Amino acid sequence: MAFDSDNFHDRIWCNARLATMAGGGTYDDGVIACRNGRTSHIGTADDLAKLDAAEILDCEGRWITPGLIDCHTHLIHAGDRAHEFERRLAGSTYEELARAGGGITSTVLATRAASERQLVDSALPRLDSLIAEGVTTIEIKSGYGLSLSDECKMLRAARALADHRAISIQTTFLGAHAVPPEYFGSADAYIGAVCGTMIPSIAGCQLADAVDAFCENVGFTADQVRRVFDVARAYDLPVKLHAEQLSNSGGATLAAEYGALSADHLEHLDQAGVAAMAQAGTVAVLLPGAFYFMRETHVPPIAALRAAGVPMAVATDCNPGTSPLTSILLAMNMAATLFRLTVDECLAGVTREAARALGILNDTGTLELDKYCDLAIWEVERPAELVYRMGANPLHARIWRGQ
Ligand SMILES: [Zn+2]
């Protein structure tokens with residue numbers, strides 16, 4: 001007797017409203033099924049008669065979106081900078097804090113002193129905040145180790161989070177984040193170590209899915225970033241870039257020239273950069289949490305990005321210095337209120353476009369056949385509520401790879 005395996009699924013969710021974030025648009029009376037962790041059917045209630053599953057779940061009219069994706073974080077780090085924050089509010093200047101050992105160097109020293117296990121343990125509560133809001137995929141950068149062994153430790157800790165929680169992790173090597181203390185005054189020599197030792201080793205043990213750098217007058221020059229990207233390309237690693245956050249350094253154009261997956265921040269992006277990104281298909285990753293926390297006033301050129309058809313993603317930039325944000329929903333609200341993104345843009349920014357910014361759109365980011373069945377089920381009347389509310393969490397259930 002033949003067994004109709006095509007119509008037998010592990011699990012079916014019915015009576016749902018589906019925001020597919022793909023060509024399928026939305027379904028008012030939707031049905032979605034999974035088999036072996038991947039989406040095996042999407043349709044309407046009419047299909048139910050011909051479907052069978054081990055488990056059928058009634059969503060009672062709730063909305064289902066793709067599982068959310070936080071595509072830019074520095075989630076792995078030791079210590080925090082609350083003390084620095086407090087002192088700045090009490091009137092200390094940036095120079096005074098730097099002299100007192102504050103700033104990124106304090107995070108580098110704390111991260112170097114921590115064990116891999118301590119890095120995992122301290123990141124888990126931050127990860128849990130994001131998971132509680134329906135995040136099913138997260139990108140995590142290195143960049144506070146700044147030596148081969150400490151950068152590897154950070155990347156291993158990031159990957160190890162997947163042993164503790166049901167979540168997909170993408171790791172990014174950000175060796176060119178800052179000049180470490182032992183190289184102060186010799187940024188070129190440090191870039192030499194990043195290119196000559198770190199990228200080859202990290203590529204060799206496959207610890208990173210991409211390579212990132214910080215292109216800024218307080219970071220690395222375009223020429224230094226070019227050296228990093230040339231080596232990344234030689235090892236077949238895709239690139240992304242922290243660009244035009246505090247000034248226009250031509251980083252976005254450089255990133256586009258290398259076919260970067262994304263250029264991130266972009267407050268000071270100019271028209272040439274917009275055109276180059278549109279041409280290259282480079283995603284603009286907007287980080288309103290850092291903009292808010294640093295009390296920036298120069299807004300990224302959203303209208304120009306929109307007009308040029310540059311895909312826009314939204315992320316938390318979770319980091320101890322400039323964006324201690326562990327709410328993707330609040331990042332969406334900030335993208336709307338501070339940058340004037342529409343509801344659709346905010347939602348696409350944490351699903352489809354975030355997946356595109358990580359180079360994993362073939363596997364996740366939309367509700368489509370054969371992609372991972374990563375879902376967020378929401379207790380809302382309309383998706384706009386996900387962007388509109390501040391501090392609310394209407395997540396009803398979160399499904400990672402069908403479970
Ligand atoms: Zn960042």
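How much space lies in the largest cavity? About 50 Å³. Keep in mind as you click around that this is a predicted model. A search of the whole structure turns up two cavities of 30 Å³ or more, so to speak the enclosed part of the tour; the pockets come later.

**Stop 1: the largest cavity**

Select Glu139, Gln170, Thr171, Thr172, Asp209, Ala210, Pro238, Lys240, Leu261, Ala357 and Leu358, and you have the lining of the largest cavity on screen. Two elements give two or more residues to this lining: β8 (168-176) and α14 (352-358). Which of the elements gives the most? That is β8, with three residues. Colour the lining by class and you should get five nonpolar, three polar and three charged residues.

**Stop 2: strand β8**

Stay with β8 and show the whole strand. Nine of its nine residues are buried, so the strand is mostly covered. β8 has pairing partners to look at, β7 and β9.

Take β7 to begin with. β7 and β8 run parallel and are paired over five bridges. To see individual rungs, pick Ile140, whose bridge partner in β8 is Thr171. Then pick Lys141, which is partnered with Thr172 in β8. Both Thr171 and Thr172 were in your selection for the largest cavity.

Now turn to strand β9 (residues 210-213), which runs parallel to β8 and is joined to it by three bridges. For a rung here, select Ala176, which stands opposite Ala213 in β9. To follow the chain between these two strands, trace it from β8 through helix α6 (residues 187-204) to β9; this β-α-β crossover is right-handed. Ala210, from the cavity lining, is worth keeping highlighted as you do this.

**Stop 3: strand β7 and on to β6**

Select residues 135-141 to get strand β7. Is β7 largely enclosed or open to the outside? Seven of its seven residues are buried, so the strand is largely enclosed by the rest of the structure. If you show side chains here, remember that in a regular strand they alternate between the two faces of the sheet.

Next, add strand β6 (residues 68-70), which pairs with β7 in the parallel sense over three bridges. The rung to click is Asp70, whose bridge partner in β7 is Ile138.

**Stop 4: Glu353 in helix α14**

Back to α14, one of the elements lining the largest cavity. Within this helix, zoom in on Glu353. Is Glu353 buried or exposed? Its relative accessibility is 7%, and because the cut-off for buried is under 20%, Glu353 counts as buried. Show its surroundings: leaving aside neighbours within four places in sequence, Glu353 is in contact with Val283, Pro311, Met312, Ala313 and Ala348.

**Stop 5: the second largest cavity**

Select Leu329, Glu385, Leu386, Arg389, Ala392 and Pro394 to bring up the lining of the second largest cavity. About 40 Å³ of space lies inside. The lining divides into four nonpolar residues, no polar ones and two charged.

**Stop 6: the largest pocket**

Time for the pockets. The largest pocket holds about 770 Å³ of space. To centre your view, select Tyr94, Ile104, Phe214, Val218 and Thr322, which lie nearest its centre among the 29 lining residues. Then show α1 (82-89), α2 (94-99) and α3 (104-113), the elements that give two or more residues to this lining. Where does the largest share come from? From α2, with three residues. By class, the lining has twelve nonpolar, twelve polar and five charged residues.

**Stop 7: the second largest pocket**

For the last selection, pick Phe85, Arg88, Leu89, Tyr94, Tyr292, Phe293, Met294 and Arg295, which line the second largest pocket. This pocket has about 260 Å³ of space. The elements giving two or more residues to its lining are α1 and α10 (288-293), and the largest share, three residues, comes from α1. Sorted by class, the lining has six nonpolar residues, no polar ones and two charged.

Leave Tyr94 selected before you finish: Tyr94 lines the second largest pocket and is also one of the residues nearest the centre of the largest pocket.

How values were computed:
Residues are numbered from 1 along each chain as its sequence is written. This is a predicted model: local features need pLDDT of at least 70, side-chain atom pairs count only at pLDDT 80 or more; totals for chains, interfaces and linings use all residues. Side-chain values use heavy atoms; hydrogens and water are left out. On a 1 Å grid over the protein atoms alone, a cavity is a set of points where a 1.4 Å probe fits but cannot get out, and a pocket is an open set with protein on both sides within 12 Å along at least five of seven lines; lining residues have an atom within 4 Å of a point. Grid points are joined across faces, edges and corners, and a volume is the space filled by probe spheres set on the points. Helices (H or I, at least four residues) and strands (E, at least two) are DSSP runs, numbered from the N terminus. Ala, Val, Leu, Ile, Met, Phe, Trp, Tyr, Cys and Pro count as nonpolar, Asp, Glu, Lys and Arg as charged, and the others, Gly among them, as polar. Buried means under 20% relative accessible area, exposed over 50%, partly exposed in between (1.4 Å probe, protein chains only). Two strands pair if DSSP finds at least two bridges between them. Contact means heavy atoms within 4.5 Å. A crossover is right-handed if, with the strands pointing away from the viewer, the path from the first strand over the helix to the second runs clockwise.
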